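Trainee: Please take a single part of this structure and go through it closely, including what lies around it. I would like one connected account rather than a list.

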Amino acid sequence: MSSKDVTIISIAGKQNAGKTTLLKDLIPKLKEQGYRVGTLKYNIRKFDIDHEGKDTYKYSKSGADSIAISTQSEFVVMKKTANPLTLHEIIEAHFNDVDVVLVEGYREDGYPRIRIIDPQDTNAVKTDSENELLLVNVKTENSCFSIDGISKAMNFIEKSLKIN
């Protein structure tokens, strides 16, 4: 599969809007439908995947440009970059084996987008109805989204998939 066949869905919303909760709800539903799913938290300021005292941390601090670690079932590569990678570069290099990538934190390029909004914003928010789904965060005791909201998100993603 080429990265050109991968569907990118942007998940957008304010901080603490429920983006991660939505991803956690959608991933198993997409997997149940037989889709291969990737996720990407894009363009964050800093993250720590490596920890002081670990061998990979020592390799990185010693100047290694690429560091990999693997188990029987997982593989992670950390690369130092001189310039930030574009979304396209990341998808091309690392996500050509999935059907859909759910991207949190990317708003450019007109990819299909699910935008999470607060209930009080439903009348004020303008949307591109063909390429964007507005999903209202209802924040109940057990969830951020109604069953109907999750169904709408699934339908939106499945309509956007390039393999259909």
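Mentor: Two strands are said to pair if DSSP finds at least two bridges between them. Strands (E, at least two residues) and helices (H or I, at least four residues) are themselves DSSP runs, numbered from the N terminus. The model is predicted, so local features need pLDDT of at least 70 and side-chain atom pairs count only at pLDDT 80 or more, while totals for chains, interfaces and linings use all residues. Residues are numbered from 1 along each chain as its sequence is written, and side-chain values use heavy atoms, with hydrogens and water left out.

The part I have chosen is strand β1, residues 7-12. Buried means under 20% relative accessible area, exposed over 50%, and partly exposed in between (1.4 Å probe, protein chains only). In β1, 6 of the 6 residues are buried, so the rest of the structure largely encloses the strand. In a regular strand, side chains alternate between the two faces of the sheet. Here both faces are covered: T7, I9 and I11 are buried on one side, and I8, S10 and A12 on the other.

The strand has two partners to describe. With β5 (residues 100-104), β1 pairs in the parallel sense over 5 bridges, and I9 has L102 as its bridge partner there. With β6 (residues 113-117), β1 also runs parallel, joined by 3 bridges; S10 is bridged to R113.

L102 leads on to the interior. Contact means heavy atoms within 4.5 Å. Neighbours within four places in sequence aside, the contacts of L102 include I9, L26, L30 and I157. A nonpolar core is a set of buried Ala, Val, Leu, Ile, Met, Phe, Trp, Tyr and Cys residues joined through side-chain atoms within 4.5 Å. The largest one has 22 residues, and L102 is among those touching the most other members, along with L22, L26, L30, I114 and I157. The elements giving it two or more residues are β1, α1, β5, β6, β7 (132-136) and α4 (147-160). Helix α4 supplies the largest share, 5 residues. Apart from this core lies another, of 12 residues, among them V6, L40, L87 and Y106.

After β1 comes a loop leading to α1 (19-32), and N16 sits in it. At 64% relative accessibility, N16 counts as exposed. Most residues other than glycine have a negative phi. N16 is not a glycine, yet its phi is positive, about 65°.
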